[in-house]
Amino acid sequence: INQDYKNIEILVIDDHCTDGTETIVKRYVSLFPQISYYKSNQKGACAARNLGILLAKGEYFQFVDDDDWLAENFISKRLDSLIANPNLGFATCNMLYKRDKDSEDIVRYFSMHQLEHNIETHLLFSALPAPLFLFRRSTIIKIGLWDESCLRYQDIRYYHRLFLYSIKGIWLPDYLYWVRLHDNSISKKKDLKTV
């Protein structure tokens with residue numbers, strides 16, 4: 001809602017949360033017509049993202065995780081890059097790891113723009129986080145839907161298709177996405193079954 005680019009459709013896909021998400025989001029739906037709420041079939045993140053792809057009406061796609069923060073120009077900065085470069089299929093940025101949005105305590109910087117952008121480097125550094133990419137619809141059509149059988153590192157498996165299909169993008173140096181670190185983060189779970 002606080003994005004400086006306002007022509008946004010927000011699809012909240014609830015994979016059967018147990019934290020009051022439905023009540024909170026429905027209150028926002030009543031206040032902001034650009035928000036829609038859907039319950040998924042409880043098959044995990046990939047199925048939820050696929051449902052979002054099938055329901056979305058826009059020409060650009062952005063996946064966002066439920067417990068992180070976006071800079072106010074998160075959409076506009078990357079969208080401007082895609083509009084200025086019609087031959088590119090995606091735009092991405094860097095991210096920060098923080099424990100609290102307003103805290104100055106940055107746990108880690110995650111920089112993608114300085115990497116050599118090939119499939120080997122990105123697999124080695126796990127450097128394809130889902131929320132950093134803004135896609136054109138044509139890119140999503142080309143690389144297809146998410147693999148719903150994949151329980152961990154889905155974004156790496158999904159985005160390696162960008163290299164397989166030789167889709168070009170722009171890697172901005174800006175830190176526009178903040179990952180909130182907390183004890184219940186899925187990204188912190190290392191159980192054998194998921195890996």
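**A short tour, starting at T139**

Select T139 first; you'll find it in helix α5, which spans residues 137–143. Bear in mind that you're looking at a predicted model. Is T139 buried or exposed? With a relative accessibility of 3%, T139 counts as buried, because the cut-off for that is under 20%.

Now show what surrounds T139. Leaving aside residues up to four places away in sequence, T139 touches G89, L162 and I167. Zoom in on G89: its backbone oxygen sits 2.8 Å from a polar atom of the T139 side chain.

Next, pick helix α3, residues 74–84. Colour its buried residues: F74, I75, S76, R78, L79, S81 and L82. What covers them? The cover includes β3 (60–62), β4 (69–70), β5 (90–98), β7 (134–136) and β8 (169–180).

Then head to strand β1 (residues 10–14) and strand β2 (residues 35–39), which pair in the parallel sense over 5 bridges. To find one of these pairings, click I10 in β1 and look across to I35, its bridge partner in β2. Add helix α1 (residues 21–31) to the selection, and you have a right-handed β-α-β unit made of β1, α1 and β2.

Last stop: the cysteines. How many disulfides does the structure hold? The count is 0. Try C150: the closest cysteine sulfur is in C46, and at 5.7 Å from the sulfur of C150 that's too far for a bond. C150 is buried, at 11% relative accessible area. Finish with C93, which is buried too, with a relative accessible area of 0%.

Definitions and conventions. Residues numbered from 1 in each chain as written. Predicted model: local features only at pLDDT ≥ 70, side-chain atom pairs only at ≥ 80, totals over all residues. Heavy atoms only, no water. Pairing = 2+ DSSP bridges. Helix = DSSP H or I, 4+ residues; strand = E, 2+ residues; numbered from the N terminus. Right-handed = clockwise from strand over helix to strand, strands pointing away. Buried < 20%, exposed > 50% of the residue type's maximum accessible area, 1.4 Å probe, protein only. Contact = heavy atoms within 4.5 Å. Polar contact = N/O pair within 3.5 Å; in protein donor to acceptor, adjacent residues only side chain to side chain. Disulfide = S-S within 2.5 Å.
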